Amino acid sequence: MKKTVIITAILILIVGMFLYTNKVYASDKVIDDSTESKIIQLKENATNSLEDYKDKYGSDTYGLVAYILNLVRIYSIPLCFLGIAIGAIHQYIIGIRKLDTLEKGMALIVTFVTILIICQILPLAFAVFVKFGRG
């Protein structure tokens, strides 16, 4: 009986979300002028940053790769710390009662630390390769 009530409530909630949301018509302006100017400014900053990398490395391909590696370097830090925290929870909190979870937590920690180190060293290795390896 409880399962039926819960499933019915979830279905009503999902149907309600689709029926009572505000509809956006083609004639309505979805983005106001200040938001549009901020979006354009962010796009111009990203384009300028990409152009700086292209000028610094002297090639479109090398500049694009350096730009992507820099983005990977920046965004890998919070994602890897999140993975390390999840691994620590599996190892030290859940793993007290379940030994298989203890091993899973240690594997997660080792994996995310390795990924973090690789993502942080890869842009440096690329810069050294381009600087000294290109003749």
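The bend at a residue is the angle between two helix axes, one fitted to the seven residues ending there and the other to the seven starting there. This quantity is needed at the third stop of the tour, which follows a predicted model.

Begin with the whole protein in cartoon representation. Four helices and zero strands are present, and the order along the sequence reads α-α-α-α. With a surface displayed, the accessible area amounts to about 11,000 Å², and carbon and sulfur atoms account for 69% of it. Of the 135 residues, 19% are buried. Among contacts between residues at least 6 apart in sequence, 48% link residues at least 24 apart.

Next, select residues 60-94, which form helix H3. The C-alpha atoms at its two ends lie 49 Å apart; because 35 residues at 1.5 Å a residue should span 51 Å, the two values agree.

Now centre the view on Ser76. Here H3 bends by about 35 degrees. Pro78, a proline, follows within four residues.

Move to the start of H3 and show Ser59 and Thr61 as sticks. A side-chain oxygen of Ser59 comes to within 3.4 Å of the backbone nitrogen of Thr61.

Finally, colour the buried residues of H3. Among them are Gly63, Ala66, Tyr67, Leu69 and Asn70; further along, the buried set also includes Cys80, Gly83, Ile84, Gly87, His90 and Gln91. Ser76, the site of the bend, is likewise buried. To view what covers these residues, add helix H2 (33-57) and helix H4 (99-133), both of which are part of that cover.

Terms used:
Residues numbered from 1 in each chain as written. Predicted model: local features only at pLDDT ≥ 70, side-chain atom pairs only at ≥ 80, totals over all residues. Heavy atoms only, no water. Expected span 1.5 Å × (residues − 1). Buried < 20%, exposed > 50% of the residue type's maximum accessible area, 1.4 Å probe, protein only. Contact = heavy atoms within 4.5 Å. Polar contact = N/O pair within 3.5 Å; in protein donor to acceptor, adjacent residues only side chain to side chain. Areas by Shrake-Rupley, 256 points an atom, 1.4 Å probe, with all protein chains shown as cover.
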